[in-house]
Amino acid sequence: MSRRILITGGAGFIGSHLADRLLADGNEVIAIDNLATGHTRNIEHLAGNTNFRFIHHNVTEFIYIEGHLDVVLHLASLPSPVDYLKLPIPTLKVGAHGTHKALGLARAKNARFMLA
């Protein structure tokens, strides 16, 4: 069964590898990332895949996705204590506001939600 899945933090190390796996399983994947610590090089090999879409967006802002979603996987986060010290306020915002926005999207789309 093919699903339409949104991954926040989709250009990060874990998010990009998860996108690879989900696409290999026949799903449609939308990756959102503001590229604060994620990198387009992690997903550039997916550029020609018609089942993959990348949106450069900060999840602390309202998230709009056209159409249905089956699953929202919220992986957006600064990945290390070094980043936490350099960017303490953005770290707090992605954890609080980003989760709130991603949950709101999942609720609006009647999608399953996972926070990691």
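These legends accompany several views of one predicted model of a protein chain.

**View 1. The fold of the protein chain, from its first strand to its last.** Here you can trace three helices and five strands. Followed along the sequence, they come in the order β-α-β-β-β-α-α-β. The radius of gyration is 13 Å, close to the 13 Å that the globule rule gives for 116 residues, so the chain is as compact as a globular protein of that length.

**View 2. Contacts and burial within the protein chain.** Take contacts between residues at least 6 apart in sequence: 68% of them join residues at least 24 apart. Of the 116 residues in the chain, 40% are buried.

**View 3. The outside of the protein chain.** The accessible surface is about 6900 Å², and carbon and sulfur atoms account for 57% of that area. For a sense of scale, the C-alpha atoms fill a box of roughly 40 × 30 × 20 Å along the principal axes.

**View 4. A close look at the largest pocket.** This pocket has a volume of about 550 Å³. Its lining is made up of 26 residues, and those closest to the pocket centre are T37, L75, A76, S77 and L78.

**View 5. What the lining of the largest pocket is made of.** Three elements to look for are α1 (13–24), β2 (28–33) and α3 (88–109), each of which supplies at least two lining residues. By residue type, the lining has 13 nonpolar, eleven polar and two charged members.

Methods: Residues numbered from 1 in each chain as written. Predicted model: local features only at pLDDT ≥ 70, side-chain atom pairs only at ≥ 80, totals over all residues. Heavy atoms only, no water. 1 Å grid on protein atoms, 1.4 Å probe; cavity = no way out; pocket = protein on both sides within 12 Å on 5 of 7 lines; lining within 4 Å. Points joined across faces, edges and corners; volume = space filled by probe spheres on them. Helix = DSSP H or I, 4+ residues; strand = E, 2+ residues; numbered from the N terminus. Nonpolar A, V, L, I, M, F, W, Y, C, P; charged D, E, K, R; others polar. Rg over C-alpha atoms; globule rule 2.2 N^0.38 Å. Buried < 20%, exposed > 50% of the residue type's maximum accessible area, 1.4 Å probe, protein only. Contact = heavy atoms within 4.5 Å. Areas by Shrake-Rupley, 256 points an atom, 1.4 Å probe, with all protein chains shown as cover.
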